[in-house]
Each structure stands twice: as C-alpha cells, then as structure tokens.
Amino acid sequence: MTPDLMESMREVRERHEARTQQAGASGGDASFGRLLQAGQPDFTQGVALYLDDITVSFDGFRALNKLSLAINVGELRCIIGPNGAGKTTMMDVITGKTRPDAGRASFGSTIDLLRLRENDIAQIGIGRKFQKPTVYEQLSVFENLELALKADRRARASLFHRLSGEQLDRIGEILQLIHLKGEAQRTAGLLSHGQKQWLEIGMLLMQDPKLLLLDEPVAGMTDEETERTAELFLSLEGQHSLVVVEHDMKFVDQLTEGRKKVTVLHEGSVLAEGRLSEVQANEKVVEVYLGR
Ligand SMILES: Nc1ncnc2c1ncn2[C@@H]1O[C@H](COP(=O)(O)OP(=O)(O)OP(=O)(O)O)[C@@H](O)[C@H]1O
Ligand SMILES: [Mg+2]
C-alpha cells in the first residue's frame, strides 16, 4: 500500500468516526449521513464508472493487475475473458466487497468508490447480479419486487404503509419488462432458472440503479431465455449503464449488435478492446481465450 493511500484511508476512517458520533448524537442514521456527505454522483462528464490502475493481490497472486477501464453513462459493455481473468474480482472491487491494494475507482466523476462500504455503494446506485439467482423462494414474484422496493432507503418512509399507486405502477412496469406479468402471484421457488434470474434483475431494477453489474447472467438459461435476456438488456441500455460479463459469445454478439465495444480481460488487465469481430480476430485473444 502506498503511503498516500494509507493516508487517505486514515482520513476516511477518521471522518467516518466523526460523522457516526454526530449522527448518533442527533439520533440520525449514521450510514445515510455519510452518504449525504459523500454527495450525489455526478454524471455530467459522461462517465458512469472509472477504474484506474486497480491491483488486487491474494497472497501475492495478482487477480487484478493495474486494471483500467471506463464505462460511459448509458453504455452497455460486455467483458469477456478466460476463467480466472479477474472479471468477478473486478465486480467485487466496484461493489466494495474486495478492497484493492492500489488504484482508484470512481462512480460518476465524483464518488470515490474505495471510500464507501458495500451497502452504501448499493444505495448510491450500483446494482449487482451474482451468477446464482438469489430470490426469496417462499414469496411470490410480486412480494419479491415489493421487498426490493422497501430495501431502498428512499422508500423507507412508506415501509409500514400500503404501496402507493406510483409504487404499484413501478412494480407493474418491471413485471412487464422481465416477462413475468402473468406470474406475479406465483411462488418464486416454482419459477424456472431463467425466470428466477429475471426476477432478480427486476429486484435490482426496482431500486433504479444507474449502473448494473451482471456476472454471467445467462449461464444455465435455455436459448430462448438467453435471447429474451439480451432483449431485456438492450431495452435497459441508455437509461442504465450495464457491465455484462459472459462466456456465451452468441449472447455477446446479440448485445453488441456488431458495433459496441467489448473488453477482453486476461491475467487481471485489459488484453484487448474493440468490436467483437475485431477481438475475435486478435491473435492474442485467440491464443488465451477464444481459440481453446
Ligand atoms: N478470495 C480469493 N482468494 C484467493 N484467490 C482468489 C480469490 N478470489 C479470486 N481469486 C483468484 O483470482 C483469480 C481471478 O478470479 P475471478 O473469479 O475474478 O476470475 P473470473 O474472470 O471471474 O473467472 P471465471 O470466468 O471463471 O468466473 C483466480 O485465479 C482466482 O482463483
Ligand atoms: Mg467469474
């Protein structure tokens, strides 16, 4: 760890402690107070996410090695690369699950992600979908979406009240978007694997994240489900920034529509970037990944 990083970490800790005490004295929510202090993300520069020289080591092994990456506001970016390339670790860094040894990460042009905790990062507008679906199996599809809404601090005020008309409309919209309108009252545990994945994406969307991170979202889906998922993501593009990690090249092809940029990760850094057809023709990429 560099001395200036240690210094800034100490600063963050001290500021956090001061604020926690303040909030405690006034009976407020310490965590929310910290977020307000951190300010709202600024997207006016067109940047949704910026990673700069991020390094993560596990017992000396570099899972990320000076990784730099920028995602624009509203962009849909696919990230590919061999097993162990560091794709999931990159998402762990963005969401605050793993702290890098060095580097910088910002959300918009102002929010320093490395200074926020996992919960705060979720609240500030970064949603993450893990590979395995995690829905409340015993609850209905509708109830799952309702719960996701209530997990949002902005909706907390209405926690003990009935859903407002606006909230009901929002749930209706999301049900439509994730192709589960007809399954609203169905117990989530009875859905197919693909439908569970959609429900979880819907739960993320209830919180209207600015940036969505999706780790192998179509693994285990049928071809038809995969195609519908691509349509869903394409419909989200523009309103949200999406970072999609996938091994399924047909799906990546559908998402990138022959023109969008794809990033290839290898050994913790960017090996190549460009259109899918370009990176597929890149010798280094073929050697480490696609040629296998
Ligand atoms: N907590 C950890 N402790 C030790 N090593 C880890 C840890 N997390 C990840 N690694 C290692 O870091 C490397 C990158 O792993 P990561 O899961 O990010 O790869 P990935 O690109 O997501 O691969 P895949 O396509 O298989 O999901 C791997 O070699 C992995 O074994
Ligand atoms: Mg992974």
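The legends below describe close-up views of two sheets in a predicted model.

Local features need pLDDT of at least 70, side-chain atom pairs count only at pLDDT 80 or more, and totals for chains, interfaces and linings use all residues. Residues are numbered from 1 along each chain as its sequence is written, with chains lettered from A and ligands numbered from 1 in the order in which they are written.

**View 1. An open sheet of 4 strands with antiparallel pairing.**
The strand order is 2-1-4-5. Strand 2 (61-72) and strand 5 (111-112) are the edge strands, each pairing on one side only. Strands (E, at least two residues) and helices (H or I, at least four) are DSSP runs numbered from the N terminus; two strands pair if DSSP finds at least two bridges between them. Strand 1 (residues 47-58) is joined to strand 2 by 8 bridges in the antiparallel sense, and I54 has L67 in strand 2 as its bridge partner.

**View 2. Helix 3 across the sheet of View 1.**
Helix 3 (residues 87-94) lies across strand 1, strand 2 and strand 4 (102-107). Helix 3 runs at about 65° to strand 2 (axes are lines fitted to C-alpha atoms, for helices over the stretch in contact; angles run from 0 to 180 degrees between N-to-C directions). Residues are in contact if their C-beta atoms, placed from the backbone, lie within 7 Å.

**View 3. An open sheet of 6 strands with mixed pairing.**
The order is 6-7-8-3-9-10. Its edge strands, each pairing on one side only, are strand 6 (126-129) and strand 10 (269-274). Strand 7 (residues 211-215) and strand 8 (residues 241-245) run parallel, joined by 5 bridges; L213 has V243 in strand 8 as its bridge partner.

Definitions and conventions:
Two residues are in contact if their C-beta atoms, placed from the backbone, lie within 7 Å.
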